[in-house]
Amino acid sequence: LILLFLPLILSSKNYKFVSEDWYILNQPGMINAISEDKFNVFFATENGIYTYDKSENSFNYDYSFSIELEVNKISHFYFDNFRGYYWAVHSEGVSFKSSISSLWRQVSLFNSGIYSINQIDDIGASFNYFWIKSGSSLYPFSPFSGLAVDQNLAIDEVDLIDWGYSKNSSL
């Protein structure tokens, strides 16, 4: 009798597993930064990036952002409306990516005057530059190469900087 029902029981279970079907929602920890694009509000936490989808009114762990970035301890997160780029300051440095890309690139702090990510108080953007604020100093970077730019070339855009929102912001 058991042998008769065993095939029926085994065939009724779903043994297919696709990694995109499930995700583990871990504890977000402290929210360190909030940013927004046209469709989502992003919450950068100690344990990854969470999103609030404005159209669906849903709050989710952003698996793709968190996996692609490969680090969790995010202190600043900023959406650059001028270029459609995302910027993140995290335990391993400063990274950026286009909204249509999955590849995160590194910002080079070499020759910038910034020697540690712990010196970063805020991040933002103007029409031509990505900016890092450290104390009372502002440091411009090329938003396309991630390399430091001569401050004298960018001085005209200082008053046009759109700053991010993080718990470490001095603004």
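Let me begin with F42, which counts as buried because its relative accessibility is 1%. Please keep in mind throughout that this is a predicted model.

F42 belongs to a wider set of ring contacts, for the structure holds 15 aromatic pairs. A pair of aromatic rings is described by the distance of the centres and the angle of the planes. For F42 and Y86, the ring centres are 5.3 Å apart and the planes stand at 75 degrees, so this pair is edge-to-face. Where do the two residues of this pair lie? F42 is in strand β2, residues 40–45, and Y86 is in strand β6, residues 85–90, so the contact ties together parts that are 44 residues apart in sequence. Y86, at 5% relative accessibility, also counts as buried.

I turn next to a second pair, Y85 and F144. Their ring centres are 6.2 Å apart with the planes at 85 degrees, so this pair too is edge-to-face. Y85 lies in strand β6, while F144 lies in the loop between β11 (137–141) and α3 (151–154), so the pair ties together parts that are 59 residues apart in sequence. With a relative accessibility of 14%, Y85 counts as buried. Which residues join Y85 and F144 in one aromatic cluster? They are W87, F96, F130 and F141.

Strand β6 also leads us to the sheet. Four strands form an open sheet in the order β5-β6-β7-β8, and their pairing is antiparallel. At its edges are β5 (74–80) and β8 (105–106), each of which pairs on one side only. Strand β7, residues 93–98, pairs with β8 in the antiparallel sense over two bridges. Within this part of the sheet, S95 stands opposite Q106 in β8.

Finally, I come to the charged side chains. How many salt bridges are there? The count comes to two. One of them joins K54 and E36, with a distance of 2.6 Å from N to O. K54 lies in the loop between β3 (48–53) and β4 (58–61), and E36 in strand β1 (residues 31–36), so this salt bridge ties together parts that are 18 residues apart in sequence. K54 counts as partly exposed, at 30% relative accessibility, and E36 is likewise partly exposed, with a relative accessible area of 45%.

A salt bridge also links D80 with R83, where the closest N and O atoms are 2.8 Å apart. Are these two residues buried or exposed? Both D80 and R83 are buried, whereas K54 is partly exposed.

Notes
Residues numbered from 1 in each chain as written. Predicted model: local features only at pLDDT ≥ 70, side-chain atom pairs only at ≥ 80, totals over all residues. Heavy atoms only, no water. Phe/Tyr/Trp six-rings, centres within 6.5 Å; stacked < 30°, edge-to-face > 60°. Buried < 20%, exposed > 50% of the residue type's maximum accessible area, 1.4 Å probe, protein only. Pairing = 2+ DSSP bridges. Salt bridge = Lys/Arg side-chain N within 4 Å of Asp/Glu carboxyl O.
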